[in-house]
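Reader: I'm new to reading structures, and I'd like to know where the labels come from. Can we go through some of them together?

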Amino acid sequence: QVQLVESGGGSVQAGGSLRLSCTASGYSYDRNYMAWFRQGPGKEREGVACFWFGLGSTSYADSVKGRFTVSQDTAKNMVYLQMVSLKPEDTAMYYCAADRSPVVAGSCLNPAGYDYWGRGTQVNVSS
């Protein structure tokens with residue numbers, strides 16, 4: 001059974017940084033994807049970043065490019081999301097997701113492509 005657990009959320013001021021972590025159990029990283037999504041108040045869930053273990057490639061939403069970095073440590077079964085230069089509009093619940101073949105219409109940032117989800121960690125950015 002796949003289990004994903006996020007941690008590292010919190011409250012920061014605009015311009016601050018946070019690093020989110022996602023611990024995965026019961027999941028094989030080989031050729032699989034892991035991704036970060038977020039859902040702000042009254043908003044739809046949106047893809048933030050995804051990582052394909054097959055080639056070590058990444059993809060980011062335009063809104064976070066240059067500010068967020070996704071990385072992994074397979075030895076520890078963890079995926080990270082380093083977030084810098086945070087903005088109030090980054091305030092959301094952040095979720096970790098995993099799937100073997102989540103690409104939808106050429107994108108790995110579509111939440112419909114993922115079967116496995118964590119419960120989320122809250123990020124609040126104040127101005």
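Reader: What makes Cys50 count as buried?

Author: Buried means under 20% relative accessible area. Cys50 has 1% relative accessibility, so Cys50 counts as buried. Keep in mind that this is a predicted model, and the number is computed from it.

Reader: And Cys108, buried or exposed?

Author: Use the cut-off again: under 20% is buried. Cys108 comes out at 10% relative accessibility, so Cys108 is buried.

Reader: How do you know that Cys50 and Cys108 form a disulfide?

Author: Look at the sulfur atoms. The cut-off is within 2.5 Å, and the sulfur atoms of Cys50 and Cys108 are 1.8 Å apart. That puts the pair inside the limit, and a disulfide is what we call it. Cys50 lies in strand β5 (residues 46-52) and Cys108 in the loop between β9 and β10 (116-117), so the pair ties together parts that are 58 residues apart in sequence.

Reader: How many disulfides does that rule give?

Author: Two disulfides. Besides Cys50 and Cys108, there's Cys22 with Cys96, where the sulfur atoms sit 2.1 Å apart, again within 2.5 Å. Cys22 belongs to strand β3 and Cys96 to strand β9 (residues 92-99), so this pair links parts 74 residues apart in sequence. Both Cys22 and Cys96 are buried. Number the bonded cysteines of the protein chain in sequence order and you get the pairing 1-3, 2-4.

Reader: Why is the disulfide of Cys22 and Cys96 called left-handed?

Author: That's down to the torsion about its S-S bond. The torsion is about -80°, so the disulfide is left-handed.

Reader: Next, the sheet. How do you know that β7 and β8 pair?

Author: Count the bridges. Pairing takes at least two of them, and β7 and strand β8 (residues 78-83) have six, in the antiparallel sense. If you'd like to spot some partners, Val70 is opposite Leu81 in β8, and Ser71 has Tyr80 in β8 as its bridge partner. β7 and β8 also make a hairpin, with four residues between them.

Reader: What is on the other side of β8, then?

Author: Strand β3 (residues 18-25) is joined to β8 by six bridges, and the two run antiparallel. At least two would do for a pair. Leu18, for example, stands opposite Met83 in β8. The whole open sheet has four strands in the order β1-β3-β8-β7, with antiparallel pairing.

Reader: Why are β1 and β7 said to stand at the edges?

Author: β1 (3-7) and β7 (68-73) each have a single partner strand, so one side of each has no neighbour in the sheet. On average, neighbouring strands of this sheet are turned by 15° against each other, direction ignored.

Reader: What makes β8 mostly covered?

Author: Five of the six residues in β8 are buried. Two residues of that strand also turn up in the largest nonpolar core: Leu81 and Met83 are listed with Met34, Trp36 and Tyr94 as having the most contacts inside it. That core has 29 residues, and the elements giving it two or more include β3, β4 (33-39), β5 and β8. Apart from it there's another core, of eight residues, among them Phe37, Ala97, Cys108 and Tyr114.

Reader: Which residues does Met83 touch?

Author: Leaving out residues up to four places away in sequence, Met83 touches Gly16, Ser17, Leu18, Leu20, Arg67, Phe68, Tyr94 and Val123.

Reader: What makes Asn77 partly exposed?

Author: The band runs between 20% and 50%. Asn77 has a relative accessible area of 31%, so Asn77 is partly exposed. Asn77 is in the loop between β7 and β8, and has a positive phi of about 55° although it is not a glycine. Ser85, in the loop between β8 and β9, is also not a glycine and has a positive phi of about 50°. At 39% relative accessibility, Ser85 counts as partly exposed too.

Reader: And what about Asp90, buried or exposed?

Author: Asp90 lies in the loop between β8 and β9. Its relative accessibility is 1%, so Asp90 counts as buried.

Reader: How do you know that Asp90 and Arg67 make a polar contact?

Author: The limit is within 3.5 Å, and the contact joining the side chains of Asp90 and Arg67 is 2.7 Å. Asp90 also touches others, including Arg38, Phe68 and Ser85.

Technical notes. Residues numbered from 1 in each chain as written. Predicted model: local features only at pLDDT ≥ 70, side-chain atom pairs only at ≥ 80, totals over all residues. Heavy atoms only, no water. Axes fitted to C-alpha atoms, helices over the stretch in contact; angles between N-to-C directions. Buried < 20%, exposed > 50% of the residue type's maximum accessible area, 1.4 Å probe, protein only. Core = buried A, V, L, I, M, F, W, Y, C linked by side-chain atoms within 4.5 Å. Contact = heavy atoms within 4.5 Å. Polar contact = N/O pair within 3.5 Å; in protein donor to acceptor, adjacent residues only side chain to side chain.
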